[in-house]
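Q: I am new to this structure and would like a close look at a single part of it, described step by step. Please take the aromatic rings and the strands around them.

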Amino acid sequence: MNKQLDTSFIEEFAQVLTAGGTEAAVGDIEGDRTLIVEAAENGAAAGYTLSIAHPYEDMTCVYLLFPMFSGLGRDTADSIVPLTRYLNKFLSTGCFVISANDGDVFFRHSFVIDEGMDKEALFMLTAQIIDICAQTAAEGMDMLAPVIEGRTPAEKLLNDDCAIIQQ
């Protein structure tokens, strides 16, 4: 995809989401055209960003980023690293990451798309992947929150009862 097609995909996908009842905006983040979906105030929908990049000349990738927690202190961030690694081993789609610079926790996923794919099919595929990622991010937040809040030690959650099954 060239920049024109990237912009078209993002803008049209935003229109599809908006028509379906999801508030979606298109903006620039660090110079890249990005779809921005804010989290629902009632917690019914996770917020995320969608951007497109070309790591190689003949490759088009969609990048999804779901913010979960922000500004964790170094000790807190370090305490959840073993738990995020443990949870990641169960996932076939995406992974939990912690920014070493600012203590932000995200769920992220990327996938390669075929530029020749029917746009409606591509939108459906993208929506299905977003749904899987949003559910995973929500489950991850539920599992990480007690550790971040100091109510549960991370070591207590490193067992077979603490897993995420993606569907």
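A: What follows describes the aromatic pairs, then the strands that carry them, and then a loop and a helix beside them.

This is a predicted model, in which local features need pLDDT of at least 70 and side-chain atom pairs count only at pLDDT 80 or more, while totals for chains, interfaces and linings use all residues. Residues are numbered from 1 along each chain as its sequence is written, and side-chain values use heavy atoms, with hydrogens and water left out.

The structure holds 7 aromatic pairs, where rings of Phe, Tyr and Trp (its six-membered ring) pair if their centres lie within 6.5 Å, and planes under 30 degrees apart count as stacked, over 60 as edge-to-face and the rest as tilted. In one of these pairs, the ring centres of tyrosine 48 and phenylalanine 66 are 5.1 Å apart and the planes stand at 35°, so this pair is tilted. Because tyrosine 48 belongs to strand β3 (residues 48-53) and phenylalanine 66 to strand β4 (residues 60-69), the pair ties together parts that are 18 residues apart in sequence. Helices (H or I, at least four residues) and strands (E, at least two) are DSSP runs, numbered from the N terminus. Tyrosine 48 is buried, with a relative accessible area of 6%, and phenylalanine 66 is also buried, at 0%; buried means under 20% relative accessible area, exposed over 50% and partly exposed in between, with a 1.4 Å probe and protein chains only.

Ring pairs also link Tyr48, Phe66, Phe96 and Phe107 into a cluster. Phenylalanine 96 has phenylalanine 107 as its bridge partner in β6, and valine 97 stands opposite phenylalanine 106 in that strand. Strand β5 (residues 95-98) and strand β6 (residues 105-113) run antiparallel and are joined by 4 bridges, two strands being paired if DSSP finds at least two bridges between them. The antiparallel strands β4 and β6 are joined by 9 bridges, and here leucine 65 stands opposite arginine 108 in β6.

The strands β5 and β6 form a hairpin with 6 residues between them, and glycine 103 in the turn has a positive phi of about 70°. Serine 99 is placed in the loop between β5 and β6, where its side chain makes a polar contact of 2.7 Å with the side chain of aspartate 102. A polar contact is a pair of N or O atoms within 3.5 Å; within protein, one must be able to donate a hydrogen and the other to accept it, and residues adjacent in sequence count only if both atoms are side-chain atoms. Leaving aside neighbours within four places in sequence, serine 99 is in contact with Asp104 and Phe106, contact meaning heavy atoms within 4.5 Å. Serine 99 and serine 70 lie 29 residues apart in sequence, and their C-alpha atoms are 9.2 Å apart in space.

The hairpin strands also meet a helix, since what covers the buried residues of α2 includes β5, β6 and α3 (119-148). Those buried residues of α2 are Ala77, Ile80, Leu83, Thr84, Tyr86 and Leu87.
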